[in-house]
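The exercises below ask the reader to work from the coordinates to a reasoned description, one step at a time. Please have the sequence and the model open before starting.

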Amino acid sequence: MKITAHRGGSSLAPENTLAAFNKAAELGCEWIEIDVQLSLDKVPVVIHDKTVERCTDGIGAVSTMTLESLKSLDAGLWFGEEFRDERIPTLKETLLLAKNKHLKVNVEIKLYPQDNLALLCEKIKKVIIDVDVEASQMLFSSFNIAALKYMQYHQPQIHRGLLVETIPANALLLLAEIEAYSLHCNYVFLKEQQAQWIKKRGYQLYCYTPNSPQQVSLHWDWGVDMMITDVPQAYIKTINLN
Ligand code: G3P
Ligand code: MG
């Protein structure tokens with residue numbers, strides 16, 4: 001039973017912040033998942049939404065704000081007073097923390113319409129080289145197959161996982177095209193037969209975002225390898241009880 005702390009384990013601390021990643025490490029999670037996009041001045045930053053409204057006290061699109069403006073926002077207070085002064089982390093800060101805490105990182109390459117795919121991938125690559133993260137400690141994922149294709153060419157040593165909502169009929173073709181390691185799908189729509197089909201072809205199969213172990217009690221038997229969840233603590237409890 002493998003668990004990834006989604007957005008760093010976003011039920012325990014504000015999502016995609018260093019506080020969340022520290023919590024995941026404290027819990028003993030092996031993996032965290034983070035969402036990465038570019039600031040206006042082309043620094044890879046860790047935040048999920050296209051805009052900062054939901055998770056900070058600011059207003060505006062991430063891509064229209066410099067790192068300095070993004071860093072001026074409070075990214076913790078919306079979640080709880082004890083997280084006041086938490087900031088939107090850069091990818092570099094996140095990878096340094098992860099390296100230090102021995103956390104493996106699933107970097108979701110987050111592309112919104114009009115984003116520059118090649119530039120985002122290049123900047124991510126630069127940070128990974130700069131922090132000197134071992135390939136085994138990382139995984140790229142994206143709903144954007146072109147981004148994964150780019151990484152396949154430019155950083156082939158790091159595994160690639162294709163993100164889908166439901167498994168498409170041409171899934172095997174897509175997976176082959178990017179020499180994928182894994183397929184990540186929404187647990188709600190996964191069928192047993194599809195799971196067996198993917199597993200038989202030798203791919204890792206990950207499910208997002210089941211927030212209670214009961215929701216996926218059968219999925220493990222179908223061969224699912226990893227649950228990407230906001231509530232890793234619930235699974236760790238279950239694992240410890242077994
Ligand atoms: O990686 C799984 C999940 O993060 C994909 O969806 O919207 O939470 O980034 P989202
Ligand atoms: Mg994500």
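## Exercise 1: A loop residue

Thr51 is found in the loop that runs between strand 3 (44-46) and helix 2. The model is a predicted one. Task: classify the exposure of Thr51 and give the separation of its C-alpha atom from that of Val62.

Solution. Step one is to take the relative accessibility of Thr51, which is 31%. Step two is to compare this value with the cut-offs, where buried means under 20% and exposed means over 50%; Thr51 therefore counts as partly exposed. Step three turns to the backbone, where the C-alpha atoms of Thr51 and Val62 are separated by 5.3 Å, although the two residues are 11 residues apart along the chain.

## Exercise 2: The metal site

Task: determine which side chains coordinate the magnesium ion (ligand 2), and describe how these donors are spaced along the chain.

Solution. Step one is to list the donors, which are Glu33 (OE), Asp35 (OD) and Glu108 (OE), with distances of 2.0 to 2.2 Å to the magnesium ion (ligand 2). Step two is to place these donors in the chain, where they follow the spacing E-x1-D-x72-E. Step three is to check the accessibility of the pair Glu33 and Asp35, both of which are buried.

## Exercise 3: The surroundings of ligand 1

Task: describe the shell of residues around ligand 1, its polar contacts and the extent to which the protein covers the ligand.

Solution. Step one is to collect the residues around ligand 1, namely His6, Arg7, Glu33, Asp35, His48, Glu108, Lys110, Phe143, Leu163 and Tyr208. Step two sorts this shell by character, which gives 3 nonpolar, 2 polar and 5 charged residues. Step three examines the contacts with oxygen atoms of ligand 1: a polar side-chain atom of Asp35 lies 3.1 Å from an oxygen atom of the ligand, while for Glu108 an N or O atom of the side chain is 2.7 Å from an oxygen atom of ligand 1, and for Lys110 the corresponding distance is 2.8 Å. Step four considers the accessible area of ligand 1, which is 290 Å² for the ligand on its own and of which the protein covers 89%.

## Exercise 4: Strand 1 and its partners

Task: establish whether strand 1 (residues 2-6) is mostly covered or uncovered, and identify the strands with which it pairs.

Solution. Step one is to count buried residues, and since 4 of the 5 residues of strand 1 are buried, the strand is mostly covered. Step two looks at strand 9 (residues 226-229), which pairs with strand 1 in the parallel sense over 4 bridges, Thr229 being the bridge partner of Ala5. Step three looks at strand 2 (residues 31-38), which pairs with strand 1 in the parallel sense over 3 bridges, and here Trp31 is the bridge partner of Thr4.

## Exercise 5: Backbone angles

Task: examine the peptide bond from Tyr208 to Thr209, and then the phi values of Asp85 and His102.

Solution. Step one is to read omega for the bond from Tyr208 to Thr209, which is near -25 degrees, and the bond is cis; Thr209 itself is found in the loop between strand 8 (204-208) and strand 9. Step two concerns Asp85, a residue other than glycine whose phi is positive, near 80 degrees, and which is found in the loop between helix 2 (67-71) and helix 3 (91-101). Step three concerns His102, where phi is near 60 degrees, again a positive value in a residue other than glycine. His102 lies in the loop between helix 3 and strand 4 (104-109), and with a relative accessible area of 66% His102 is exposed.

How values were computed. Residues numbered from 1 in each chain as written. Chains lettered and ligands numbered in written order. Predicted model: local features only at pLDDT ≥ 70, side-chain atom pairs only at ≥ 80, totals over all residues. Heavy atoms only, no water. Donors = N, O, S within 2.8 Å, 3.2 Å for Na, K, Ca; no water. Buried < 20%, exposed > 50% of the residue type's maximum accessible area, 1.4 Å probe, protein only. Near = heavy atom within 4 Å. Polar contact = N/O pair within 3.5 Å; in protein donor to acceptor, adjacent residues only side chain to side chain. Areas by Shrake-Rupley, 256 points an atom, 1.4 Å probe, with all protein chains shown as cover. Nonpolar A, V, L, I, M, F, W, Y, C, P; charged D, E, K, R; others polar. Helix = DSSP H or I, 4+ residues; strand = E, 2+ residues; numbered from the N terminus. Pairing = 2+ DSSP bridges.
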